[in-house]
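Colleague: I should be grateful for a close look at one part of this model, namely the backbone geometry of its loops. Please set that part in the context of the whole chain and of one helix pair.

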Amino acid sequence: MSVRYTPVGWNANKIVYDALLVAAIVAYILVFIWAAERPGGAPPYDDATIRMRAFGSCAFLMLSVVLAIGPLARLDRRFLPLLYNRRHFGVATCVVAFTHASYVLGWYFAFSAHDPYAALLTSNTSYARLAGFPFEIFGLAALVILLLLAVTSHDFWLSFMSAPVWKALHMSVYAAYTLVVAHVAFGALLAPVLQPLQIVVPACALGVVALHALAARAEPASSENQGWIVVGAPDRIAEGRAIVVPVEGGESVAIFRHEGRLSAIANACAHQNGPLGEGRIVDGCITCPWHGFQYRPEDGCSPPPFTEKVATYNLRLENGAVLLDPKPNARGQRVEPLAVGETLA
């Protein structure tokens with residue numbers, strides 16, 4: 001942790017994560033090219049087209065995985081290691097997508113009398129019909145979004161923009177994914193010969209939607225009781241862990257159990273909006289799973305000499321159920337933990 005803002009440094013986990021990611025990308029590209037160039041491969045393409053399709057399909061699959069990591073981590077904690085360095089995955093996706101675009105421009109517009117980007121935007125203007133629609137515009141728009149997200153992925157931009165603005169900006173990755181699906185749907189999927197991409201793209205898109213729907217459905221069911229949210233029985237919260245309760249019109253809340261008592265704090269870490277509810281209690285402090293920032297459960301304050309704070313929430317026990325007041329207290333305001341009985345194993 002740090003008393004003030006400092007960029008997050010590299011560590012062994014990040015290096016291993018990135019090394020495996022690069023190895024997977026290289027392996028996919030090599031296998032794709034080998035499969036496309038082998039005798040009997042159909043349909044036959046020139047080398048440049050094979051490479052642009054290799055990088056394009058790789059970028060689409062990577063973006064699908066990026067959007068699947070979040071719901072997978074909420075459904076199963078074993079996927080959390082993928083979540084912690086997801087921004088690295090996103091930047092790598094942008095690099096692969098940019099390589100795909102470079103092959104496209106270099107092959108189709110290298111000898112144009114106009115600037116390649118101008119030629120790309122003016123070579124096909126059939127916007128009034130579906131057949132022959134200029135699908136390139138979708139891909140270009142998606143690439144612009146990915147470049148913007150990659151450029152602003154560094155901690156400096158998070159601090160400069162503020163966490164809410166930065167997070168809102170990076171939610172545009174969903175718009176980029178929609179544009180990529182449209183780019184492929186109006187382009188490669190219209191090929192007269194059945195290709196693997198025509199099966200993979202719809203399957204991935206539906207899979208991403210299904211995972212988000214399942215993760216949303218798996219959130220703790222809550223109902224209102226005179227303004228308070230009924231969370232459920234205390235024993236649903238494991239010792240040292242939390243459940244995350246969505247609050248309409250506000251931040252989600254993480255309710256932790258520690259030594260037979262419950263405490264509720266804002267789910268977003270003060271450092272980088274990391275999901276505190278996916279962390280655990282270490283040495284009596286709630287520990288963010290992203291970068292290890294810690295907060296005391298009872299007041300949401302980092303232990304001295306650190307100064308980060310998050311909002312706390314009030315809890316009460318009624319008819320054997322835990323109730324949450326959705327109105328946040330001030331950051332760092334102490335709330336007496338709610339005693340609920342024996343410590344769970």
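Modeller: The account below begins with the whole chain, turns to the loops, and ends with a helix pair.

This is a predicted model, in which local features need pLDDT of at least 70 and side-chain atom pairs count only at pLDDT 80 or more, whereas totals for chains, interfaces and linings use all residues. Residues are numbered from 1 along each chain as its sequence is written, and side-chain values use heavy atoms, with hydrogens and water left out.

The protein chain contains ten helices and twelve strands, taken as DSSP runs numbered from the N terminus (helices H or I, at least four residues; strands E, at least two). Of its 345 residues, 42% are buried, a term for under 20% relative accessible area, with exposed meaning over 50% and partly exposed in between (1.4 Å probe, protein chains only). The chain exposes about 18,100 Å², of which carbon and sulfur atoms supply 65%; these areas come from the Shrake-Rupley method with a 1.4 Å probe. Among contacts (heavy atoms within 4.5 Å) with a separation of 6 or more, 55% join residues 24 or more positions apart.

As to the loops, most residues other than glycine have a negative phi, and most peptide bonds are trans. E259, in the loop between β4 (253–258) and β5 (261–266), has a positive phi near 55 degrees although it is not a glycine. Its relative accessibility is 54%, so E259 counts as exposed. D283 is likewise a residue other than glycine with a positive phi, about 55 degrees, and lies in the loop between β6 (280–282) and β7 (285–287). With a relative accessible area of 76%, D283 is therefore exposed. A further loop, between β8 (294–295) and β9 (312–313), holds P305; a cis peptide bond with omega about 10 degrees joins P304 to P305.

Turning to the helix pair, the axes of α2 (residues 47–75) and α4 (residues 86–108) come within 8 Å and cross at roughly 155 degrees. Axes are lines fitted to C-alpha atoms, for helices over the stretch in contact, and angles run from 0 to 180 degrees between N-to-C directions. The two helices are therefore roughly antiparallel, the term for angles over 145 degrees (under 35 is roughly parallel, 65 to 115 roughly perpendicular, the rest oblique). The residues of the contact between α2 and α4 comprise 18 nonpolar, seven polar and two charged. Here Ala, Val, Leu, Ile, Met, Phe, Trp, Tyr, Cys and Pro count as nonpolar, Asp, Glu, Lys and Arg as charged, and the others, Gly among them, as polar.
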